[in-house]
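Visitor: I would like a close look at one part of this protein, namely its main nonpolar core and the links that hold the surrounding segments to each other. Could you take me through that part with some care?

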Amino acid sequence: RTTQLLMLRALAVRQHSMCDGGAGSMRRGACLLALSLVMGYSATSEGSDACPTGAPLGQGACHEDTSLQQTGTPYSRQPDQCRDFPRWDGERYTGAQHYTCRTYCDTKWCTKDSFQKPVMENGIPTYAEGITSVYYVLERMKKSPFLWPVVDRLGVNDSDITSAHQASLTGYHWYPWDSDYARTVLTAKGYSKDNFPGFNLLRSFKSEALKPPQERIDACQRAGKVLGLDSWLMNEGTIRCEDVPDAVKDANTSQLNSYGKTVRKLWDKACSQSRETKKYLYTCYASGPQVMLWDANYNAANLKLITPEFNLPWDAACCCCGGGTSKLEPGSKLRFKVPADYVSIAAKLTRPTLEGKLWEEYVNKKGYINTKAKKDWQEKLYPRFNASKKSKAIKVGLLHRLPTKTFTPQEASEYPYGPSGSACSDYELEKDVTGYSLQFKASPDDWADWAGYTCRFNYYQGSCKEDGAQDPADKAAFGPMEHYFNGKLKEEIVHAWTFEGNPPNVSLAGMQRADAFKICCACGGGRRKSGQGPKTVIDMLADSYYFK
């Protein structure tokens, strides 16, 4: 077997160039995977879980032969120089949406303090969720209406905010997709009604009162303390229905555009039970489930898409997030516990199949597995992932051997639209924008839209242009930028704007609504020394916005 393996490795080295253009009908990703799987596995302490992630496309976390490492550099210890780890396929690191280390850092989603020292369990380091640098401001909790569920916290001022969710409002976890039902998290850790007082009080419940019963608040707070996580009661109810324009409620749907139809559908279905009696739906959430791990493996623009192989969370992979080789030894083992709600990630911490044709069939042209179209992907591609492995992944964790290939961190170009920008500078929170919902701890003056995307993100990712146009791919994936407003510009700023030709026919409230088109120089807005107003002004408050 040893002789055969060496021959196969030699053959793989000679044929590696096929994957860069000569692989016929085989896509490059599937081709590289088939070749890298030939290279074998390194033994780990978990026996049948040897090299739990298998061999990521093009490089392989357990790769013993560096001859296939076409890009990047094999690691050699340099204490004063940190290097980034690669992504799942051995290329320079990106998350599942192709955001780079520089993107995560330049948007201030992470900082040098984000990576947390792994917890030692049975002599093996276990990944600890990193710290993001976003937090909510208490005064304004309402978010973009209609298209996404509105997140309304209890109350509208400090006196109404209970201690049960006070921590979350000023903490790190800031969006529903990086949280989980507290009851689910407790169950995964072995809690039930038998050993957790008030366990059933953690179920979602409806109330006509804006403030839920104190016993519900106490139970949610207690869950957070037991779990060692932030916890809060989220109002997921029908308060967003109040914002549906009257013209849309009664309109003939044939007259509505796609956005108007979305709002009308919400009104007809989600709001139908609240037209007479307003009811609020409350759910107890706990922070998690590991947003950096989640974002590295799931495409947030389309949750059906997942990376074919396990992808390191960005705080672990990126030097500028505090990780990289400055904290983790290439080739060493790191254990990952995976939240129950996203256990699909855990499947990728087990050995993959060696059948190359299956990878060609299941991995699409963009390099993802469509989990909806290929519902049996775990069974086919990761046949060793069974009920026992699933339980182990949640409770104990599965091992991953870190890659030996590393990259020199990329340096970002200087951001041109800061406070000292020569021709234009982005508007800032408090100084220019009030009534906002999100604010970064690391840079409290930087405006962010309600999903956490900043002007810096728009600039470095090319999400929009200085002429006020949004990138078509960005719009297709996430929707129009005006939906993501956060706060409002001060009235005196709006009144001072000048425009070429006639000013836009937009209400004052619409002009003040703070979206990227108005706030960011990179999107045609910002504080321009010429005094000109934004290139694109869209009034979501106007009835005409919803009609053809």
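Guide: What follows is a walk through the core, then the disulfides, the strands and the salt bridges. Please keep in mind that this is a predicted model.

The largest nonpolar core has 56 residues, and among its members Tyr93 and Trp314 touch the most others. Several elements give two or more residues to this core, namely α3 (101-106), α9 (291-297), α10 (314-317), β10 (333-336), α11 (344-347), α12 (356-362) and α13 (377-381). The largest share, five residues, is that of α9. As a general matter, nonpolar side chains in soluble globular proteins tend to be buried together.

Tryptophan 314 is a good place to stop, and if residues up to four places away in sequence are left aside, its contacts include Tyr93, Tyr104 and Trp109, as well as Met292, Asp295 and Ala296. The list for tryptophan 314 also holds Cys110, Thr132 and Cys321. Apart from this core there is a second, separate one of 26 residues, which includes Val494, Trp497, Val506 and Cys523.

Turning to the covalent links, a search of the whole structure finds eight disulfides. One of them joins cysteine 82 to cysteine 319, with an S to S distance of 2.1 Å, and with -90° about the S-S bond this link is left-handed. Because cysteine 82 lies in the loop between β1 (73-74) and α3 while cysteine 319 lies in the loop between α10 and β10, the pair ties together parts that are 237 residues apart in sequence. Cysteine 82 counts as buried at 18% relative accessibility, and cysteine 319 counts as buried at 5%.

A further disulfide is formed by cysteine 105 and cysteine 320, whose sulfur atoms are 1.9 Å apart; the torsion about its S-S bond is about 85°, so this disulfide is right-handed. Here cysteine 105 sits in helix α3 and cysteine 320 in the loop between α10 and β10, so that distant parts of the chain, 215 residues apart, are linked. Both cysteine 105 and cysteine 320 are buried.

Helix α3 also holds a salt bridge, one of eight that a search of the whole structure finds. Its partners are aspartate 106 and arginine 102, with the closest N and O atoms 3.2 Å apart, and the two residues, both in α3, are four residues apart, about one turn of the helix. Aspartate 106 has a relative accessibility of 9% and therefore counts as buried, the limit being under 20%.

Strand β10, which gives residues to the core, runs antiparallel to β12, and four bridges join the two. Lysine 333 has arginine 401 in β12 as its bridge partner. In a regular strand, side chains alternate between the two faces of the sheet. Both faces of β12 (residues 398-401) are covered, since Leu398 and His400 on one side and Leu399 and Arg401 on the other are all buried.

Finally, helix α12 takes part in another salt bridge, in which glutamate 361 meets lysine 374 with the closest N and O atoms 3.9 Å apart. The pair links distant parts of the chain, 13 residues apart, with glutamate 361 in α12 and lysine 374 in the loop between β11 (369-370) and α13. Glutamate 361 counts as partly exposed at 44% relative accessibility, and lysine 374 is likewise partly exposed, at 25%.

Note on methods:
Residues are numbered from 1 along each chain as its sequence is written. This is a predicted model: local features need pLDDT of at least 70, side-chain atom pairs count only at pLDDT 80 or more; totals for chains, interfaces and linings use all residues. Side-chain values use heavy atoms; hydrogens and water are left out. A nonpolar core is a set of buried Ala, Val, Leu, Ile, Met, Phe, Trp, Tyr and Cys residues joined through side-chain atoms within 4.5 Å. Buried means under 20% relative accessible area, exposed over 50%, partly exposed in between (1.4 Å probe, protein chains only). Contact means heavy atoms within 4.5 Å. Two strands pair if DSSP finds at least two bridges between them. A salt bridge is a side-chain nitrogen of Lys or Arg within 4 Å of a carboxyl oxygen of Asp or Glu. A disulfide is a pair of cysteine sulfur atoms within 2.5 Å.
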